[in-house]
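Open the model in your viewer and keep the selection tool at hand. Each stop below says what to select and what to find there.

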Amino acid sequence: MPSDLHTHTIFSDGSYSPEELVAMAKNIGLVYFAITDHDTVDGVKYLYENGIYPDKGINIIPGVEFSANNAEKDIHIVGYNIDIYNDALSDMINEISESRWTRFSEIIKILQEKNFNIREADVLQVAGSSRSIGRFHIARALVKKGEFKTVREAFEKMLGKDKPAYAPRYFPEVEEIVDVIRQAGGQAILAHPKLVENDSLVENICTKVDGIEVFYPNHQPQDIQKYLSLAEKYNLLIVGGSDFHGAASRFVNELGEFTFADDLAKKIYDLGIKD
């Protein structure tokens, strides 16, 4: 049976609620499953506080995905088996959330100055229950308002790095993220290393984390072999996931399109079992 340890809900930039996502995962027969929302654990908290996690029908791993500071590359670190109520984790999430809101307001101001028909309320309507407001929500709102045809176009013309409406925000360092994840009792994993687009940087990060996401939708066989070699060299956990958001612009359109082996997922899950 398959597993998927990289998914997102409406509490960050996904299209489905945590409850819907768990139901979908159970329906397609996933054995091990993780929710890894960007900069928030609200989705996992929702499951826990509504009696959906833990669930006898599926093995759920509590997770989170953080973006690390780098001027040129996108570096994402996923944390698994985290204590969702840990103080250090909550402090980092709150600091990032405040920074996201500040950037959100700055980007809307820039867009309005450039005569785009967009308000903060338009973005908040698109974001729904998410407190982790990001450029993806702004892009979706711009598409909904008819300013762009696709989310990709909005990023390519206005919202991407070095584009007219880009605004920076606070990003913690890789070492800070790893430390907080470990303080929360979890394991820190380098997500989708191919997207970093810098092999030497990837290897450097491998010396600091607990695992690497070897299996990912855009990883070709030669990429998988390269990351398996790094995992062996640095004694890292091997992880895989679809990065499912429920949006057609992502690598997969449906949950279950991309999965990885249960025996590897079980190693992650077992690390979260407390004596």
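The tour goes from strands to a pocket and then to salt bridges. Keep in mind that this is a predicted model.

**Stop 1: strand 3**

Select residues 59-68, which make up strand 3. Is this strand mostly covered or mostly open? Mostly covered: nine of its ten residues are buried. Color strand 3 and keep it on screen, as later stops return to it.

**Stop 2: the parallel neighbor**

Add strand 2, residues 32-35. Strands 2 and 3 run parallel and are paired over four bridges. To see one pairing, pick Phe33; its bridge partner in strand 3 is Ile60. Now trace the backbone between the two strands. The path leaves strand 2, passes through helix 2 and arrives at strand 3. This β-α-β crossover is right-handed. Helix 2 itself covers residues 42-49.

**Stop 3: the antiparallel neighbor**

Next, select residues 75-80, which form strand 4. In which sense does strand 4 pair with strand 3? The pairing is antiparallel, over six bridges. Center on Ala68 and look across to strand 4, where the bridge partner is Ile75. The connection is a hairpin: six residues join strand 3 to strand 4.

**Stop 4: the second largest pocket**

Switch on a surface and find the second largest pocket. Its volume is about 340 Å³. Which residues lie nearest the pocket centre? Select Tyr53, Ile60, Pro62, Asn81 and Gly272. In total, 19 residues line this pocket. Strand 3 supplies the largest share of the lining, with four residues. Ile60 deserves a second look: this residue is the bridge partner of Phe33, and it is among those nearest the pocket centre. Color the lining by class. You will find twelve nonpolar residues, four polar and three charged.

**Stop 5: Asp39 and Arg169**

Now turn to charged pairs. How many salt bridges does a search of the whole structure find? The count is 13. Begin with Asp39 and Arg169, whose closest N and O atoms are 3.4 Å apart. Asp39 sits in the loop between strand 2 and helix 2, and Arg169 in the loop between helix 6 (151-159) and helix 7 (174-183), so this salt bridge ties together parts that are 130 residues apart in sequence. Are the two partners buried or exposed? Both Asp39 and Arg169 are buried.

**Stop 6: Arg182 and Asp210**

Move along to Arg182. Its side chain forms a salt bridge with that of Asp210, at 2.8 Å from N to O. Arg182 belongs to helix 7, while Asp210 lies in the loop between helix 8 (199-206) and strand 6 (211-215). The two are 28 residues apart. Arg182 has 42% relative accessibility, so it counts as partly exposed. Asp210, at 21%, also counts as partly exposed; the cut-off for buried is under 20%.

**Stop 7: Lys226 and Asp199**

Select Lys226 and Asp199. They form a salt bridge, with the closest N and O atoms 3.3 Å apart. Lys226 is in helix 9 (residues 221-233) and Asp199 in helix 8, 27 residues apart. Lys226 is partly exposed, with a relative accessible area of 31%. Asp199 is partly exposed too, at 44%.

**Last stop: a network**

Return to Asp39 and Arg169, and add Arg100. Salt bridges with shared partners join Asp39, Arg100 and Arg169 into one network.

How values were computed
Residues are numbered from 1 along each chain as its sequence is written. This is a predicted model: local features need pLDDT of at least 70, side-chain atom pairs count only at pLDDT 80 or more; totals for chains, interfaces and linings use all residues. Side-chain values use heavy atoms; hydrogens and water are left out. On a 1 Å grid over the protein atoms alone, a cavity is a set of points where a 1.4 Å probe fits but cannot get out, and a pocket is an open set with protein on both sides within 12 Å along at least five of seven lines; lining residues have an atom within 4 Å of a point. Grid points are joined across faces, edges and corners, and a volume is the space filled by probe spheres set on the points. Ala, Val, Leu, Ile, Met, Phe, Trp, Tyr, Cys and Pro count as nonpolar, Asp, Glu, Lys and Arg as charged, and the others, Gly among them, as polar. A salt bridge is a side-chain nitrogen of Lys or Arg within 4 Å of a carboxyl oxygen of Asp or Glu. Buried means under 20% relative accessible area, exposed over 50%, partly exposed in between (1.4 Å probe, protein chains only). Two strands pair if DSSP finds at least two bridges between them. A crossover is right-handed if, with the strands pointing away from the viewer, the path from the first strand over the helix to the second runs clockwise.
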